[in-house]
Amino acid sequence: MKKIEAIIKPFKLDEVREALSEIGVTGLTVTEVKGFGRQKGHTELYRGAEYVVDFLPKMKMELVVADAMVETTLDTIIKAARTGKIGDGKIFVSDVQQVIRIRTGETGEAAV
C-alpha cells in the first residue's frame, strides 16, 4: 500500500475528487494548507498599500491506495490538477506499513 499526498490549487479540488471517485478511490482526507515553491508568493494591493503574500493557499489531499492502483491514481490526479501554470502543486508517494480500521479491526488492504 502507498500513501499519496497531493498539494494542489484550491479551485481544482472538486475536479480531482470527482476524477478519483470515477476510478474507484473511495476515501481521502483534505486539509487547507499554505505554502510556496518556485512561485515564492506574490504582491497584492489592499487599500492603497502593497504587501507581499509569502504563503499561498493550497489544498493537501491524502489517500492510501493498494499498490495496483498507484499509477492509475497518480495519472488521474495529474490530469485533473494540471493547469500548465506555475504552482500546480506536487505529489508525494510513501510506503504504508500497516492500516487498521478502528471500527471493525480489519487490517491491511481490507481496511483501506
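Is Asp88 buried or exposed? With a relative accessibility of 18%, Asp88 counts as buried, because the cut-off for that word is under 20% relative accessible area. Please keep in mind as you explore that this is a predicted model.

Asp88 also has a partner. Its side chain forms a salt bridge with Lys9, and the closest N and O atoms of the two are 3.9 Å apart. Lys9 sits in the loop between strand 1 and helix 1 (13-22), while Asp88 sits in the loop between helix 2 and strand 6, so this pair ties together parts that are 79 residues apart in sequence. Lys9, like its partner, falls in the buried class: the relative accessibility of Lys9 is 13%, and that of Asp88 is 18%.

From here we can turn to the other salt bridges. The structure holds 7 of them. Another one joins Lys2 and Asp95, with 2.3 Å between the closest N and O atoms. This pair, too, links distant parts of the chain: Lys2 belongs to strand 1 (residues 2-8) and Asp95 to strand 6, 93 residues apart. How open are these two residues to their surroundings? Lys2 is partly exposed, its relative accessible area being 23%, whereas Asp95 reaches 52% relative accessibility and counts as exposed.

A third example stays within one element. Arg17 and Asp14 meet through their side chains in a salt bridge, at 3.9 Å from N to O. Both residues lie in helix 1, and because they are 3 residues apart there, about one helical turn separates them. Arg17 is partly exposed at 40% relative accessibility, and Asp14 is partly exposed as well, with a relative accessible area of 47%.

Now let us look at the pockets. The largest pocket has a volume of about 330 Å³. It is lined by 15 residues, and those closest to its centre are Phe36, Gly37, Arg38, Gly89 and Lys90. If you follow the strands, you will find that strand 2 (29-35) and strand 6 (89-95) each supply at least two residues of this lining. Strand 2 gives the most, with 3 residues. By chemical character, the lining of the largest pocket divides into 4 nonpolar, 5 polar and 6 charged residues.

The second largest pocket holds about 270 Å³ of space. Its lining has 16 residues, with Thr26, Gly27, Val64, Val65 and Val112 lying nearest the centre. Here strand 5 (residues 56-65) gives the most to the lining, with 4 residues. What is the make-up of this lining in nonpolar, polar and charged residues? The residues divide into 9 nonpolar, 4 polar and 3 charged.

Our last stop is on the surface. Ile78, Ile91 and Val93 form a nonpolar patch there, and together they have about 200 Å² of accessible area. To find one member of the patch, go to helix 2 (residues 70-81), where Ile78 lies. Ile78 is partly exposed, with a relative accessible area of 35%. That value clears the cut-off for joining a patch, because patch residues need over 30% relative accessible area.

With these places in mind, you might return to the pair where we began: Lys9 and Asp88, both counted as buried and joined by a salt bridge.

Technical notes:
Residues numbered from 1 in each chain as written. Predicted model: local features only at pLDDT ≥ 70, side-chain atom pairs only at ≥ 80, totals over all residues. Heavy atoms only, no water. Patch = residues over 30% accessible without salt bridge, like charges linked within 9 Å, V, L, I, M, F, W, Y side chains within 5 Å. Areas by Shrake-Rupley, 256 points an atom, 1.4 Å probe, with all protein chains shown as cover. Salt bridge = Lys/Arg side-chain N within 4 Å of Asp/Glu carboxyl O. Buried < 20%, exposed > 50% of the residue type's maximum accessible area, 1.4 Å probe, protein only. 1 Å grid on protein atoms, 1.4 Å probe; cavity = no way out; pocket = protein on both sides within 12 Å on 5 of 7 lines; lining within 4 Å. Points joined across faces, edges and corners; volume = space filled by probe spheres on them. Nonpolar A, V, L, I, M, F, W, Y, C, P; charged D, E, K, R; others polar.
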